[in-house]
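Hi everyone, thanks for making time this morning. I'd like to walk you through one model and the places on it where I think a bench person would look. Let me put it up on the screen.

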Amino acid sequence: MRKPLIAANWKMYKTPKESLAFLNEFLPLVKDHTASEIAIFPTMSSLGYVIEATKGTNVTAGAQTMHWLNEGPYTGQTSPTMLESIDCTRVLLGHSERRIYAHETDDMVNLKLKAALDHDLIPVVCVGETLDKRQSGLTEAVLRWQIACALNGIKGASCGNVVIAYEPVWAIGTGSVATPEQANEAHAIIRREVATHLGLPCASGMRILYGGSVKPDNVASLMSQPEIDGALVGGASLQARSFAEIIHNSTTA
Ligand code: PEP
């Protein structure tokens with residue numbers, strides 16, 4: 001059984017003070033929730049505060065990105081060892097906003113994934129097609145290519161903790177959510193591609209999250225699909241009540 005993971009991507013929102021105010025309201029709302037794992041990916045300046053404030057709770061925190069090297073002359077970057085040093089356990093890799101605005105390539109995502117696995121950081125690797133590629137009938141080709149590149153050189157034995165997030169670019173922050181059937185079909189493509197590279201046992205155990213305009217009122221229908229193992233939530237995770245509602249509704253499918 002794949003335990004669902006419901007994760008918040010806070011993007012470039014929330015100062016440390018705002019993050020702690022969120023947690024004060026949010027943690028009591030979800031403290032009895034055991035049906036899924038809960039994770040928050042705050043901005044780097046809030047990450048240490050969120051990690052400390054969630055210690056001993058059922059919520060964990062991770063970084064929105066990292067470099068693949070441990071140190072070096074890379075202004076603005078944070079390394080895997082630096083994340084480890086603040087007890088960070090998770091990292092988002094290859095989010096489409098990083099691919100678009102920070103020019104992250106598939107090869108860089110692959111290097112980052114290898115570094116995350118070397119450092120026992122639980123990676124969430126984001127993949128997804130643009131609207132243009134979907135309309136050109138290239139969704140499957142894009143997903144298979146992104147997964148093949150991300151997993152290049154990775155062995156099945158080390159895949160235990162890897163999480164994939166299917167995030168169609170056209171659904172992120174737009175209010176245009178993929179239909180549950182569209183998402184399920186994309187997840188099945190991703191799982192088949194993972195199986196090709198890492199073997200069936202690894203693919204069957206791997207959690208694949210859906211991300212893109214998830215809201216309290218659409219999460220249950222998405223989660224009712226057999227291939228959907230959780231959600232990566234942007235906008236609707238910024239308010240404690242809304243994110244808690246998503247978590248509770250995700251298990252009513
Ligand atoms: C995201 O940023 O990963 C995301 C899914 O955003 P939103 O929920 O706002 O579409």
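Let's start at the ligand, with Gly173: a polar backbone atom of this residue sits 2.6 Å from an oxygen atom of the ligand. Before I go on, please keep in mind that this is a predicted model. Gly173 belongs to the loop that runs between strand E6 (163–166) and helix H8 (180–198).

Two other contacts go with that one. At Ser213, a polar backbone atom is 2.8 Å from a ligand oxygen. At Glu167 the side chain takes part, with an N or O atom 2.7 Å from an oxygen atom of the ligand. And how much of the ligand does the protein bury? On its own the ligand exposes 290 Å², and 97% of that is buried by the protein.

Now the whole neighbourhood. There are 14 residues around the ligand, and those that come nearest are Lys11, Glu167, Gly173, Ser213 and Gly234. Sorted by class, this shell has eight polar, four nonpolar and two charged residues.

How does that fit with the records? An unreviewed UniProt entry carries a "binding site" annotation on Asn9, Trp10, Lys11, Gly173, Ser213, Gly234 and Gly235. These residues span 227 residues in sequence, but no two of their C-alpha atoms are more than 13.9 Å apart, so they gather at one spot. From this set, Asn9 and Lys11 are also part of the lining of the largest pocket.

The "active site" feature, again from an unreviewed UniProt entry, is placed at His95 and Glu167. Why say that these two gather at one spot? Because their C-alpha atoms are no more than 8.3 Å apart, although the pair spans 73 residues in sequence. Of these residues, His95 is included in the lining of the largest pocket. You'll find His95 in the loop between strand E4 (90–93) and helix H4.

That brings me to the pocket itself. The largest pocket has a volume of about 580 Å³. Its lining is made up of 22 residues, and Lys11, Met12, Gln64, Glu97 and Arg98 lie nearest the centre. Which element gives the largest share of that lining? That would be helix H4 (residues 96–101), with five residues. By class, the lining has ten polar, nine nonpolar and three charged residues.

If you take one residue away from today, let it be Lys11: it is among those nearest the ligand, and it is also among those nearest the centre of the largest pocket. Thanks for listening, and I'm happy to turn the model around for anyone who'd like another look.

Note on methods. Residues are numbered from 1 along each chain as its sequence is written. This is a predicted model: local features need pLDDT of at least 70, side-chain atom pairs count only at pLDDT 80 or more; totals for chains, interfaces and linings use all residues. Side-chain values use heavy atoms; hydrogens and water are left out. On a 1 Å grid over the protein atoms alone, a cavity is a set of points where a 1.4 Å probe fits but cannot get out, and a pocket is an open set with protein on both sides within 12 Å along at least five of seven lines; lining residues have an atom within 4 Å of a point. Grid points are joined across faces, edges and corners, and a volume is the space filled by probe spheres set on the points. Helices (H or I, at least four residues) and strands (E, at least two) are DSSP runs, numbered from the N terminus. Ala, Val, Leu, Ile, Met, Phe, Trp, Tyr, Cys and Pro count as nonpolar, Asp, Glu, Lys and Arg as charged, and the others, Gly among them, as polar. A residue is near a molecule or strand if one of its heavy atoms lies within 4 Å of it. A polar contact is a pair of N or O atoms within 3.5 Å; within protein, one must be able to donate a hydrogen and the other to accept it, and residues adjacent in sequence count only if both atoms are side-chain atoms. Accessible areas come from the Shrake-Rupley method with a 1.4 Å probe; for residues, only the protein chains shown count as cover. UniProt positions are given in the numbering used here, feature names are shortened, and annotations may be inferred rather than shown by experiment.
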